[in-house]
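Colleague: I should be grateful for a close look at a single part of this structure, residue by residue where possible. Please then place that part beside the other regions that deserve attention.

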Amino acid sequence: MSTIGAYFRLARVGWVLVREGVVSALPTQDMPPSIGLLKSLVEPLARFRAKKQARSERLTRAVDRLGPSYVKIGQFLATRPDVVGVDWAVDLALLQDRMAFFPTQAAKAAVEASLGRPVTELYTSFSEPIAAASIAQVHPAEVTGKRVAVKVVRPGVRQRFANDIESMYLLARLQERFVRSSRRLRPIEVTRTLEQTTKMEMDLRLEAAALSEIAENTKEDPGFRVPQIDWERTGRDVITMEWIDGIKMNNVEALRAAGYDLEKLAEVLIQSFLRHTLRDGFFHADMHPGNLFVDPAGTIVAVDMGIVGRLGKKERRFLAEILFGFITRDYMRVAEVHFEAGYVPAHHDVAAFAQAIRAIGEPIHGQPAETISMARLLALLFEVTDLFEMQTRPELILLQKTMVVVEGVSRMLNPRFNMWKAAEPVVGQWIRDNLGPKRVVSDLKDGVKAAVKLAEALPEIATKTETLHKELVHMSQHGLRFDPQTAEAIGRAEARHTRSGRIALWIIALSLLYLVFAIG
């Protein structure tokens with residue numbers, strides 16, 4: 001029955017996208033002819049008003065109609081320009097995560113259920129909400145005379161998202177089955193990543209842990225910090241943190257009027273982001289200007305860390321070498337790093353890939369640094385990844401998206417901002433520390449640790465190997481056998497698959513009838 005519901009929800013999503021003119025704005029190049037035919041058939045069904053609107057406005061209206069889950073889905077897809085294309089990613093990034101407030105009484109009930117204590121005992125005051133997003137809303141409150149911000153999860157949002165993600169999985173399976181070119185992008189894996197990140201974002205204890213970790217990493221960093229967490233008043237559905245009195249970074253005029261050095265703020269922002277990425281391997285992955293404040297001391301304060309990114313030591317090393325290769329115009333080394341990292345399938349030619357990288361890198365060196373658009377650079381990179389069958393790397397896509405956003409905020413503060421010059425002290429120091437003699441020492445230490453762990457695991461490995469050998473010998477002598485429960489389960493799955501196919505056909509037919517009557 002859940003599959004039937006997913007088909008109905010998917011049909012509704014399709015209808016809303018058609019009516020709001022989103023489908024008519026979809027590109028059909030490199031798609032099967034049947035897709036272009038279907039698009040031409042449904043284009044007349046779009047609202048007359050929608051046909052006159054910009055694509056970003058059509059997306060906003062469609063997502064508003066579909067509900068909170070699709071705001072989050074749209075924002076997630078904005079981080080995946082490899083999947084939706086750079087232009088669509090830019091439009092999706094404009095989706096505003098502003099929703100209607102839910103009642104304060106419901107918020108208090110959620111706080112009490114999560115923390116197991118009355119609100120009156122937890123806070124000396126608890127005010128009406130001041131901001132509401134797709135997953136939670138924020139209330140001003142006080143704790144013994146100190147102002148705090150209380151973020152509370154929206155009631156029912158988990159069940160709503162569970163239903164909507166089921167439809168996304170259905171769409172991903174259909175996409176992989178019928179659109180062969182999309183398999184390289186692994187739509188099912190993309191959907192799984194969306195599900196995982198959103199589930200983590202709905203557990204506010206994890207956001208509190210992220211804030212605590214980045215606070216620890218950045219305690220000595222100049223010009224950047226995050227709010228302090230009140231762990232006593234934090235649970236799965238509620239997080240209580242320091243109230244930030246400051247100016248949002250998207251209010252450039254207010255920052256200028258307050259006397260802040262905008263060029264310095266832009267420099268500190270990009271250096272902080274690169275420091276978190278390269279030094280710590282842990283970064284705030286939602287650094288849009290609405291999540292960045294400047295406090296009275298001139299320090300940048302980042303809030304809302306529901307989405308974070310991590311890079312392992314190898315990924316950080318590859319990233320630094322790729323950046324360094326572009327800067328020094330060593331395109332062969334950039335290409336070699338891609339192959340060493342496994343980003344490009346081994347059957348491709350390194351020299352040919354280096355040629356493609358050169359086509360991206362050379363135009364950069366022919367422009368003033370402040371005119372280079374990171375978004376344009378990434379668009380060219382994604383074209384190359386498609387040409388050379390590069391597999392999607394979610395952690396790198398999230399990093400690239402955040403880098404584009406941070407660069408955009410810096411350029412908003414200073415239109416002539418030179419990202420490469422500002423980044424050089426951080427990137428250069430990291431390269432000196434990690435790609436020189438210190439790297440050898442670090443690798444030796446890691447090798448010794450790995451050898452010790454392997455030695456500790458040898459007895460267990462030997463026991464498992466002996467067991468596996470006995471099972472293989474038994475199978476070779478007696479053949480492969482299923483127990484009755486396994487055979488019965490396979491039969492049920494096959495029957496369910498056949499029945500689901502028949503049901504799907506009926507759902508599609510009923511949906512078409514519904515559309516016909518709705519139009520009439």
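Modeller: In this predicted model, strand β2 (residues 131-132) and strand β3 are joined by 2 bridges and run antiparallel. Within that pairing, A132 faces Q137 of β3. The connection from β2 to β3 is a hairpin that passes through 3 residues.

Strand β3 has further partners. Strand β1 (residues 125-126) is also antiparallel to β3, again with 2 bridges between them, and here F126 is the residue opposite A141 of β3. Strand β4 (residues 146-153) is joined to β3 by 8 bridges, and these two strands likewise run antiparallel. In this pairing, A136 is set opposite V153 of β4. Strands of a sheet pair through backbone hydrogen bonds, in either a parallel or an antiparallel manner.

How far is β3 itself enclosed by the rest of the structure? Strand β3 spans residues 136-143, and 6 of its 8 residues are buried, so the strand is largely enclosed by the rest of the structure.

The turn that follows presents another picture. β3 and β4 make a hairpin with 2 residues between them. T144 is located in the loop between these strands, and its phi is positive, about 45°, although T144 is not a glycine. T144 is exposed because its relative accessible area is 70%, which lies over the 50% cut-off for that class. A second residue that is not a glycine, D304, has a positive phi of about 55°. D304 belongs to the loop between β10 (300-302) and β11 (308-310). With a relative accessible area of 25%, D304 is classed as partly exposed.

Strand β10 leads to another sheet. This is an open sheet of 4 strands in the order β5-β10-β9-β7, and its pairing is mixed. Its edge strands, β5 (224-225) and β7 (247-248), each pair on one side only. Strand β7 is antiparallel to β9 (residues 292-294), and 2 bridges join them. Here I247 is placed opposite V294 of β9.

Some residues already within these strand ranges also take part in nonpolar packing. Nonpolar side chains tend to be buried together in soluble globular proteins. The largest nonpolar core of the model holds 77 residues, and those with the most contacts inside it include M249, L269, F273, L292 and I300. Helix α14 (residues 262-280) supplies the largest share of this core, namely 9 residues. A separate, second core consists of 19 residues, among them I322, V337, Y343 and V344. Leaving aside residues up to four places away in sequence, L292 touches, among others, I247, M249, L269, I300 and V409.

The aromatic rings supply further links. The whole structure contains 3 aromatic pairs. One of them joins F273 and F283 in an edge-to-face arrangement, with 5.8 Å centre to centre and 85° between the planes. F273 is in helix α14 and F283 is in strand β8 (residues 282-284), so this pair ties together parts that are 10 residues apart in sequence. Which of the terms buried or exposed applies to F273? F273 is buried, at 1% relative accessible area, and F283 counts as buried at 0%. In another pair, F339 and F353, the ring centres are 6.0 Å apart and the planes stand at 80°, so this pair is edge-to-face as well. F339 is in helix α16 (residues 331-340) and F353 in helix α17 (residues 350-365); the two are 14 residues apart, and the pair links distant parts of the chain. Both F339 and F353 are buried.

Two arginines complete this account. R147 is positioned over the face of W243, at 4.2 Å from the ring centre. R411 belongs to helix α19 (residues 394-413), and it counts as buried because its relative accessibility is 18%, under the 20% cut-off. From there, the R411 side chain reaches the backbone oxygen of F417 at 3.1 Å.

Technical notes: Residues are numbered from 1 along each chain as its sequence is written. Side-chain values use heavy atoms; hydrogens and water are left out. A nonpolar core is a set of buried Ala, Val, Leu, Ile, Met, Phe, Trp, Tyr and Cys residues joined through side-chain atoms within 4.5 Å. Buried means under 20% relative accessible area, exposed over 50%, partly exposed in between (1.4 Å probe, protein chains only). Contact means heavy atoms within 4.5 Å. Rings of Phe, Tyr and Trp (its six-membered ring) pair if their centres lie within 6.5 Å; planes under 30 degrees apart count as stacked, over 60 as edge-to-face and the rest as tilted. A charge sits over a ring if NZ of Lys or CZ of Arg is within 6 Å of the ring centre and within 35 degrees of the ring normal. Two strands pair if DSSP finds at least two bridges between them. A polar contact is a pair of N or O atoms within 3.5 Å; within protein, one must be able to donate a hydrogen and the other to accept it, and residues adjacent in sequence count only if both atoms are side-chain atoms.
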